Amino acid sequence: MKSALITGGAQGIGKGIVQRLRADGWRVALFDLDGEAVAEAKADDPELLALVVDVSDESAVRTGFSQVRDWLGDRGLDLLVSNAGIADPQNGPIENLALQDWRRMLDSHVTGAFLMIREAVPLLRKASGSILLMSSTRALQSEPETESYAASKGALLALSHALAVSLGPKIRVNSILPGWIETAAYQKKGNRSVAEHTEAEKAQHPVGRIGDPKDIAGVVAFLASDDAGFITGQRFVVDGGMAARLIYTA
Ligand code: NAD
């Protein structure tokens with residue numbers, strides 16, 4: 001049975017990935033900052049190793065990994081999905097952006113990925129596993145006042161090709177660039193809702209709808225499988241075709 005560790009796995013896209021891998025028969029561990037969401041994940045699926053860990057906190061990551069090593073026993077880790085992060089990309093005007101807010105964004109996405117990968121590599125090497133970094137189409141294109149998010153997601157693309165070159169042939173590394181993925185139904189109970197989208201919001205996507213965490217989870221399942229054994233250092237845009245559309249004001 002294969003083993004995976006998913007960060008930010010208690011809600012949103014990460015939760016969709018956890019559910020897909022469990023349905024496919026994987027053993028799954030998750031790290032998430034939100035204690036309530038972690039408790040709900042564990043209650044829903046008692047076989048999960050679900051831990052409260054802030055991925056940007058070096059000692060919390062080290063402590064979390066000591067539990068992951070116990071959980072794995074003699075096995076290696078087959079998959080790390082570095083997905084945790086702050087989903088809201090807006091930072092306001094750059095001239096007013098506080099250094100601590102800039103750092104908070106970079107810490108949760110980029111430093112968090114580094115801290116996780118540093119601990120995971122020996123375990124991944126043991127299983128000839130793979131790493132997936134959750135970037136964003138915002139690594140390639142932007143709305144105004146999203147500099148800290150765009151910079152952090154761009155850094156993850158660079159990190160993934162650098163790692164692919166360093167960690168091969170044992171470990172493959174790829175990045176996923178989601179577009180608009182609706183996560184309202186994948187939040188903890190107190191924050192869960194049914195999202196409503198306008199026809200225009202849906203129709204602007206060439207596929208005619210907004211994305212669901214299942215759309216990302218399917219790509220994760222493929223990239224983690226032996227069918228993707230010849231793919232490393234690559235990036236996969238999963239955005240319903242939005243990045244392919246040329247937009248001019250009418
Ligand atoms: P979400 O807010 O629904 O879920 C994120 C989860 O990560 C939460 O459970 C949160 O508690 C956890 N988290 C946040 N910071 C953390 C930290 N420092 N340590 C541990 N856990 C932490 O967000 P989402 O929309 O599912 O986003 C997941 C990832 O996908 C993010 O990296 C986000 O940037 C990326 N992404 C999302 C979209 C989208 O449209 N939803 C699009 C592109 C990229």
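Q: Which of the 27 residues around the ligand come nearest?
A: This is a predicted model. In it, I13, D32, N83, Y149 and Q187 come nearest to the ligand, out of 27 residues around it.

Q: What makes the pairing of Y149 with the ligand a polar contact?
A: The cut-off is 3.5 Å between N or O atoms. A ligand oxygen is 2.6 Å from an N or O atom in the side chain of Y149. The pair therefore counts as a polar contact.

Q: What part of N83 faces an oxygen atom of the ligand, backbone or side chain?
A: A polar backbone atom of N83 is 2.8 Å from a ligand oxygen. For Q11, an N or O atom of the side chain is 2.9 Å from an oxygen of the ligand. Both distances are within 3.5 Å, so both pairs count as polar contacts.

Q: Why are α4 and α5 called roughly parallel?
A: Helix α4 (residues 99-127) and helix α5 (residues 147-167) pack at about 20°. Angles under 35 degrees count as roughly parallel. The two helices are therefore roughly parallel to each other. Their axes are 8 Å apart, and α4 passes α5 in a right-handed crossing.

Q: Which residues make the contact of α4 with α5?
A: From α4 come W102, M105, L106, H109, V110, A113, I117, V121 and R125. From α5 come E147, S148, Y149, A151, S152, K153, A155, L156, L159, L163 and L167. By class, this contact has 14 nonpolar, three polar and three charged residues. Y149 is in this contact and is also one of the residues that come nearest to the ligand.

Q: What makes α1 and α7 oblique rather than roughly parallel?
A: Helix α1 (residues 12-23) and helix α7 (residues 213-223) pack at about 55°, with axes 8 Å apart. Roughly parallel needs an angle under 35 degrees, and roughly perpendicular runs from 65 to 115. An angle of about 55° fits neither range, so α1 and α7 are oblique to each other. Their crossing is right-handed.

Q: Which residues of α1 and α7 make the contact, and how do they divide by class?
A: G12, I13, G16, I17 and R20 of α1 meet P213, I216, A217, G218, V220 and A221 of α7. They divide into seven nonpolar, three polar and one charged. I13 of this contact is also among the residues nearest the ligand.

Q: How do you know that α3 and α4 are roughly parallel?
A: Helix α3 (residues 58-72) and α4 pack at about 25°, with axes 9 Å apart. The limit is 35 degrees. The angle is under it, so the helices are roughly parallel to each other. α3 passes α4 in a right-handed crossing. The contact includes F65 and R69 of α3 and L115 and E119 of α4. By class, it has eight nonpolar, no polar and five charged residues.

Q: Why is a positive phi or a cis peptide bond worth a remark?
A: Most residues other than glycine have a negative phi, and most peptide bonds are trans. S128 has a positive phi, near 50°. S128 lies in the loop between α4 and β5 (130-134).

Q: What is omega near in the peptide bond from G168 to P169?
A: Omega is near 0° there, and the bond is cis. P169 is found in the loop between α5 and β6 (172-178).

Conventions: Residues numbered from 1 in each chain as written. Predicted model: local features only at pLDDT ≥ 70, side-chain atom pairs only at ≥ 80, totals over all residues. Heavy atoms only, no water. Axes fitted to C-alpha atoms, helices over the stretch in contact; angles between N-to-C directions. Helix = DSSP H or I, 4+ residues; strand = E, 2+ residues; numbered from the N terminus. Parallel < 35°, antiparallel > 145°, perpendicular 65-115°, else oblique. Left-handed = near helix turned anticlockwise from the far one by under 90°. Contact = heavy atoms within 4.5 Å. Nonpolar A, V, L, I, M, F, W, Y, C, P; charged D, E, K, R; others polar. Near = heavy atom within 4 Å. Polar contact = N/O pair within 3.5 Å; in protein donor to acceptor, adjacent residues only side chain to side chain.
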